[in-house]
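Thanks for coming. I will take one structure this morning and go through it place by place. Please have a look at it before I go on.

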Amino acid sequence: MLKVLPSHISNLIAAGEVVQRPSSVVKELIENSIDAGAENITVVISDSGRTLIQVIDDGCGMSDDDARLCFSRHATSKISKAEDLNSILTYGFRGEALPSIAAVAEVTLKTRKRGEEIGTEVVFSESGMISQEPSSCPEGTNISVRNIFYNVPARRKFLKSDASEFRQIVSEFCRVALCHYEVSMRLVHNKKDIYILKGARNVKQRILEISGKELIKELVDLKTDTSMVSISGFIGKPEDARKNAAHQYFFVNGRFFKSPYLHKAVQKAYEKLVPEGYSPSYFIFLEINPENIDINIHPSKTEVKFEDEPMIFQILNASVRESLGMNSLGPSIDFDMEGAPEIPVPHKQGVYTPPPKIDFDPLFNPFDSVPISGARATKGADKPDNTIPKYQAEPEVEGYGEVFEEKIAESRNILQVQGKYLLTTVKSGLLLIRISRARERILYEKYLRQLDDCTPLVQESLFPTSLELDPISYSLLDEASDLLPKMGFDVSFLQGNTISVNGVPEGYPTDIPSVKNSIDELVILLSDHGREALNRADGRHEIALSLAKSGSKGPSAQLSHLEAQLLIDSLFGCMEPDRTPEGRVCMSIITTEDLDKKL
Ligand code: ADP
Ligand code: MG
């Protein structure tokens, strides 16, 4: 027998589409405020939106009746006839957001219509309207959404870490802020101001407010007009490309959208200009005839269907290449590179160059390093298998156990080969060590020991480097400020999303580009694993591994004889000296027989 679902159940089902996480609510509410013509919008968040999401605007407000009606499904003031669907200029038009939000949270709406004497306050929950009373609120609308998913434990459980949920909220906030640079917008999280954006004169000013002056210096203009699409905006210089470029935005007709396909069009233009895995920041605005796109294909409306997507790909790719070329940042302004021979990367300003080589001490404090001990070494030799899962094992290193026994002659000769290898003699032949891998193993064990014991790492002091971060990274680090010393970082938090890095883990390079990179990687680490990671063995492994990898990547400088000797000693002081934590071989013995075979 067929049954029509009671409305609170159908609302709950629809809510699953519209409200996936706290940031979806933020998005819908801010968009409603924009649609209502607000000039000032304040977003107040507590606990990454878990306990409170509040959006206050000075838009047109609602009448008493509308304040009740807006919670009914498909109640919208924005379209009334089918043709309207082809020329939508507002964000909303489905009339689904508010009923969906009220289905999964406790909602209080205070609103006063422009020109009315008095406003109204409505309380809604899963089961419908709870109360409505007159309210002496200011003109505009003030919605509070509390305890999201209180009635959908499964959803609640699947929320990511606070940091990650908050990051999503900031992204939604920024997306709207970038399209509506003229609107003053403020974001407050746990009573702290994250953004106070004054109404800006143009997009560039807004970008400056959002991402700081460091990024704005790195942007160049993008502008192309064709009959099919107009492209404008800003793209980052290649040298500013990052592993986790936080600012990558596409907008079409004033609406943010996601497109891995068009991202590729941009990325491809940078192909030979940035190291692998790096991508640039970009703020790209497309204007296109609304009839040639469909924004209606997904309830959360971040996907857009273009009529001729491959064409847009070509135009965008050419536009980015042209802009890079005009700013002498790219290899060429040749518009048709398909099948063209590889263009050599010219060494001019703007082309990626590795960080400057500087001297740094790649080794441990000699008084701190674990002495070679027979017992330890044998232990390592007994179990050459790495206990950490998931690595591609390389062939066994033969005979390294014996190396421990003979303890390399005191006055050994150590040869350095191309800053990459150390070569020394042992009883059975020659011992070859790959320096960066050896460092990785040594640092890994050191960090892991210290994370396990929770003893703060000894830090290398350096001239404090001040860095301006994006607010997400800043708040992520700030939240983890108690953990940072355990991980070897000495960071102080200054005003305006700026930090001062006073110390990095021992073994880390200390030139400014490297410090920037280390902080970037620390942010990725914290956002990927969350602060709970330190309490779990596998989390500590990941952290130690990531720290060791960053630390061992330092520029290759000629080691002094003492440094080379210390490196070898420290390596043999390790539990598992033969491999990196991920299983790559650190050392190899070329036996006398091998040599005999050669000559
Ligand atoms: P949609 O935005 O798709 O119309 P919503 O559920 O988001 O649907 O909102 C329903 C209606 O409530 C809107 O059409 C609008 O008339 C009214 N509304 C919602 N938020 C606001 C606001 N901040 N200011 C004024 N009116 C609002
Ligand atoms: Mg809406």
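What is the volume of the largest cavity? It is about 90 Å³. Before I say more about that space, please keep in mind that this is a predicted model, and that every value I give is computed from it.

A word on how one looks for such spaces. Rolling a probe the size of a water molecule over the atoms shows where empty space is left. A search of the whole structure turns up four cavities of 30 Å³ or more. I will stay with the largest one, which has ten lining residues. The closest to its centre are Lys27, Glu31, Glu172, Arg175 and Phe256.

Which elements supply at least two residues each to that lining? They are α2, residues 22–35, then α6, residues 162–179, and β12, residues 255–257. The largest share comes from α6, with three residues. Sorted by class, the lining of the largest cavity has six charged residues, three nonpolar and one polar.

Where does the largest cavity lie with respect to the domains? Domain 1 covers 7–203 and domain 2 covers 212–326. Both give residues to the lining, so the cavity lies between them.

Now the whole protein, briefly. There are 599 residues, and buried residues make up 50% of them. The secondary structure comes to 17 helices and 22 strands. If you take the contacts with a separation of 6 or more, 68% of them are between residues 24 or more positions apart.

Next, the aromatic rings. The count comes to twelve aromatic pairs. One of them joins tyrosine 249 and phenylalanine 256, and it is edge-to-face, with 6.3 Å centre to centre and 75 degrees between the planes. Are these two residues buried or exposed? Tyrosine 249 has 5% relative accessibility, so it counts as buried. Phenylalanine 256 has 10%, so it counts as buried as well. You have met Phe256 already, among the residues closest to the centre of the largest cavity. Ring pairs also tie it into a cluster with Tyr249, Phe251, Phe283 and Phe285.

A second pair is formed by tyrosine 474 and phenylalanine 493. This pair is edge-to-face too, at 5.6 Å centre to centre and 80 degrees between the planes. It links distant parts of the chain: tyrosine 474 is in helix α13, residues 471–479, and phenylalanine 493 is in strand β20, residues 490–493, with their positions 19 residues apart. Why does tyrosine 474 count as buried? Its relative accessibility is 10%, and buried means under 20%. Phenylalanine 493 has a relative accessible area of 24%, so it is partly exposed.

Helix α13 also holds glutamate 479. With a relative accessible area of 36%, glutamate 479 is partly exposed. Leaving out residues up to four places away in sequence, glutamate 479 touches Ala163 and Arg531. Arginine 531 is 52 residues away along the chain, yet the two C-alpha atoms are separated by 8.7 Å.

Compare that with another glutamate, number 440, in helix α12, residues 435–453. Glutamate 440 has 6% relative accessibility, so it counts as buried. Which residues does glutamate 440 touch, not counting those up to four places away in sequence? They are Leu545, Ala548, Lys549, Ser552, Thr580, Pro581, Glu582 and Arg584.

Two loop residues to finish. Glycine 59 sits in the loop between β2, residues 52–57, and α3, residues 64–69. It counts as buried because its relative accessibility is 0%. Beyond its neighbours within four places in sequence, glycine 59 is in contact with Ala36, Gly37, Ala38, Arg114 and Gly140. Its C-alpha atom is separated by 8.8 Å from that of isoleucine 41, which is 18 residues away along the chain.

The other loop residue is aspartate 240, in the loop between β10, residues 230–236, and β11, residues 248–252. Its relative accessibility is 15%, so aspartate 240 counts as buried. Apart from residues up to four places away in sequence, it touches Leu215, Glu218 and Ser281.

That is the end of the tour.

Technical notes:
Residues numbered from 1 in each chain as written. Chains lettered and ligands numbered in written order. Predicted model: local features only at pLDDT ≥ 70, side-chain atom pairs only at ≥ 80, totals over all residues. Heavy atoms only, no water. Helix = DSSP H or I, 4+ residues; strand = E, 2+ residues; numbered from the N terminus. Buried < 20%, exposed > 50% of the residue type's maximum accessible area, 1.4 Å probe, protein only. Contact = heavy atoms within 4.5 Å. 1 Å grid on protein atoms, 1.4 Å probe; cavity = no way out; pocket = protein on both sides within 12 Å on 5 of 7 lines; lining within 4 Å. Points joined across faces, edges and corners; volume = space filled by probe spheres on them. Nonpolar A, V, L, I, M, F, W, Y, C, P; charged D, E, K, R; others polar. Domains from an automatic or database assignment. Phe/Tyr/Trp six-rings, centres within 6.5 Å; stacked < 30°, edge-to-face > 60°.
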